[in-house]
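I opened this notebook to record what I looked up in the structure, one topic at a time. The entries are meant for someone who has not seen it before.

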Amino acid sequence: MTTAFPMSFAQQRLCFLHWVDPTGAAHSAVRCYRVTGPLDLRALREALDVLVARHEPLRTVFPLGAHQHVSPDGRGRLHIVDVADEAEALRHAEAEVARPFDVEHGPLLRLTVARLDPETHFLVFASHLLVADGWSLQIFSEELAIAYRAALLGESTGLPELPVQYADWAAWQREQLTPSRREELSRWWREQLSGIPLVLDLVPPRPALGQGRRVHRVLPADVTQAVRTFASAERQTVFTVLAAACGVILGHRAGRQQVLLGLAVANRDLPEVERVLGFFVNTVVLQVDLRGDPDFRELLRRVSETTTSAYAHKDLPFEQLVADLAPPRDPTRSPVVQVNFAYHPVGTAGALALHGCTVTEPLLDLPTAKFELTLRVEDHADGPTRVWAEFDESLFDAGFVVALLAAYEEVLRAAAPGTRVTGLLSARSGTEQRLTRIFADVLGVDSIDPYDDFFRLGGHSLQLVEVAARIRTELGRDLGLRELYQHPTPAGAAARLEQTGASR
C-alpha cells in the first residue's frame, strides 16, 4: 500500500524537467568513495535498510508526476560487482551518470559496490534530486556511518525519531505561500531586478546541448588563508568575499556592471526539518553591483546587504519568479541566471566515514552539467581548497573556463579594502596579446576577442597547425595540436602556456 501526497514546488519543477529530459543526468547526483579496509557488506546492507526505513523520500516514487507516493516499507538497493582495477571501478561511477532513473517506480537512490579485492572497494552512490539535495547527502553520509557502525557492532543506532517527514514539509510550504504572500514576494523581486539584463553574455549564443564537463583549480594555501583573514578583518563572511570575487570576474568578462548569480538556498529554517531527507533547495538571485567602480570593501558591503535581502525573500519558488518576470524565450540561455555559485565549508560536502576503514573520494570529471556554468568553492579539512567549474561544453570551451578560474584566483589574491574593482584584474597578459594576434593573422581577420573560439570563427585543422608553428617560432614554446583543440581561444591557450596551479 502506498500513500499519495502533494509534491513541493521544487519537486513539481524537477518532474517537469524529468519528462523533458528523462535521461536524468542533470537532475541527479553521483558520488564515488574509495574504501580501504575490512568493509563488511552485510553491515553496509543493513545500514542502508535502516536509512530507507527512516527516511520516506527513499521510499517515494512519482507516478505520472502528479503526486509523490510513499511506500510504508522498503529495502535498500545494493548492487555488487567485481572489478579488475581502479579504472574499471571509476567507469562504473561514470556509467551511473548516464543511467536514467525510473521516477515512476524507483528506486531513486542506488548504491553500487565495486569490489577490487577484500580490502579495497569503491562505493558509488547515485540519487535523484527529487529525493535528496546536497544537504540531504551530507545527512545521509553521517547517518550511514552511524548505522554501519551499529550494524557492525550489534548495537542500536541511537538515532532519534524524526518529528516530520518531507511530505509534511511540502504540505506546510503550500500553506505558507498564500496568494497575498506570493504577490508580496513577487513584487519585491520584480522591483529588485527591474532594468537589469537577465542574460549574461559570457560567450556568443550557442545551442545548449547539456554536454557536461568539470575542471578544477587548487587554491594555494596562502590565498585561502588570506581570504579568511580578510573576511574576518572586514567582519564579513567567507562566502561574501568569494561571491564578490565571482561577480568581479564575470562582470569583467561580460562587460557588465550588474551581475546576477544563482544561489541554492537550503530552505531549512525550521529545526524540525534539519535532519530530514528531501529536496528543499530553492534558487535565489544574488545581484553583484559593480557600478561606480567601488573599492572591494564597498563591494563586500553591497554583496552582504543584497544577500541578506535575497534570503529574506527566498520563499518565492524560482520557477514562479521566472514566470512573473517573463523573459523572452531563448533556447540558448537559462532564464534569469546563467551562472550559479556555491561555497561548501568543511563538513558540508557529503564526506563519508566508515568504522574500521579509510575512506577517500577520487576526483572525477563526470560528464554532467546541471546549469550552463557553476562555480563551486570547496574547503577540505585534510586537503587544499578547490574551485570547481561545472559547465556545458557545448557553450564553453575548457580553455575559457581554465582562464576564468585563473582570473578568480588572481582577484582573490589581489583583494584588499581600498582596491578598486577595476584594479583587481591585471591587464591582458603579453602572452594573451601575442596569441590573439597570431590567431587573427592565421584566420585572416583584423582582430578577434581573446575568448573567441578559433573553430567557430571558421578556422580548420590545417590552420591550427600554422598556429602551433607560429607559437613555437614567436614565443619559443610548444603547444601541441591536441592542447589547441582543447583550448581553441587565445585566452585559453595563453592560460595553458602560463598555467601553474590549474589542473583538470
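**Entry 1: a loop with a cis bond**

I began with proline 107, which lies in the loop between helix H3 (86-98) and strand S6 (109-117). The model is a predicted one, and in it the peptide bond from glycine 106 to proline 107 is cis, with omega near -5°. I noted beside this that most residues other than glycine have a negative phi, and most peptide bonds are trans.

**Entry 2: two positive phi angles**

I then looked up backbone angles and found asparagine 267, which is not a glycine and yet has a positive phi of about 65°. Asparagine 267 sits in the loop between S9 and strand S10 (282-289), and I asked whether this residue is buried or exposed. Its relative accessibility is 10%, so asparagine 267 counts as buried, the limit being under 20%.

Alanine 326 is also not a glycine, and its phi is positive at about 50°. I located alanine 326 in the loop between helix H10 (318-325) and S11. Its relative accessible area is 54%, and because exposed means over 50%, alanine 326 counts as exposed.

**Entry 3: the open sheet**

Next I traced an open sheet of five strands, whose order is S5-S6-S7-S2-S12 and whose pairing is mixed. Which strands stand at the edges? They are strand S5 (78-82) and strand S12 (358-360), and each has a single partner strand, so one side of each is left without a neighbour in the sheet. On average, neighbouring strands of this sheet are turned by 25° against each other, with direction ignored.

Going through the pairs, I found that S6 and strand S7 (residues 120-128) run antiparallel and are joined by eight bridges, with leucine 109 standing opposite serine 127 in S7. Helix H4 (residues 134-153) packs on the sheet, where it touches strand S2 (28-36), S6 and S7, and the direction of H4 makes about 140° with that of S7.

S2 and S7 also pair in the antiparallel sense, over nine bridges, and here valine 30 is opposite alanine 126 in S7. On the way to the edge, S2 and S12 run antiparallel and are joined by three bridges, and threonine 36 has threonine 358 in S12 as its bridge partner.

**Entry 4: parallel strands and the cores**

I turned to strand S9 (residues 258-265), which pairs with strand S11 (residues 339-344) in the parallel sense over two bridges. The bridge partner of glycine 262 in S11 is asparagine 340, and asparagine 340 in turn has threonine 374 in S13 as a bridge partner. S11 and strand S13 (residues 373-380) run parallel, joined by six bridges.

Which residues touch the most other members of the largest nonpolar core? Of its 78 residues, they are Leu250, Phe296, Phe341 and Tyr408. I followed phenylalanine 341 and, leaving aside its neighbours within four places in sequence, found it in contact with residues including Leu242, Leu261, Leu263, Val377 and Tyr408. There is also a second, separate core of 35 residues, which includes Val81, Leu90, Val103 and Leu129.

**Entry 5: salt bridges**

My last search was for salt bridges, and the count comes to 39. In one of them the side chains of aspartate 49 and arginine 75 meet at 2.9 Å, N to O. This pair links distant parts of the chain, 26 residues apart, with aspartate 49 in helix H2 (residues 41-54) and arginine 75 in the loop between strand S4 (68-70) and S5. Aspartate 49 counts as buried at 15% relative accessibility, whereas arginine 75 counts as exposed at 61%.

Aspartate 133 forms a salt bridge with arginine 268, their closest N and O atoms being 3.3 Å apart. Aspartate 133 is in the loop between S7 and H4 and arginine 268 in the loop between S9 and S10, 135 residues apart, and both residues are buried.

The side chains of arginine 217 and glutamate 409 meet at 2.7 Å, N to O. Arginine 217 lies in strand S8 (residues 212-218) and glutamate 409 in helix H11 (residues 398-414), so this pair ties together parts that are 192 residues apart in sequence. Arginine 217 and glutamate 409 are buried.

Finally, I noted a network of salt bridges that links Asp289, Arg291, Glu298, Arg301, Arg302 and Glu305.

Methods. Residues are numbered from 1 along each chain as its sequence is written. This is a predicted model: local features need pLDDT of at least 70, side-chain atom pairs count only at pLDDT 80 or more; totals for chains, interfaces and linings use all residues. Side-chain values use heavy atoms; hydrogens and water are left out. A nonpolar core is a set of buried Ala, Val, Leu, Ile, Met, Phe, Trp, Tyr and Cys residues joined through side-chain atoms within 4.5 Å. Buried means under 20% relative accessible area, exposed over 50%, partly exposed in between (1.4 Å probe, protein chains only). Contact means heavy atoms within 4.5 Å. Two strands pair if DSSP finds at least two bridges between them. Helices (H or I, at least four residues) and strands (E, at least two) are DSSP runs, numbered from the N terminus. Axes are lines fitted to C-alpha atoms, for helices over the stretch in contact, and angles run from 0 to 180 degrees between N-to-C directions. A salt bridge is a side-chain nitrogen of Lys or Arg within 4 Å of a carboxyl oxygen of Asp or Glu.
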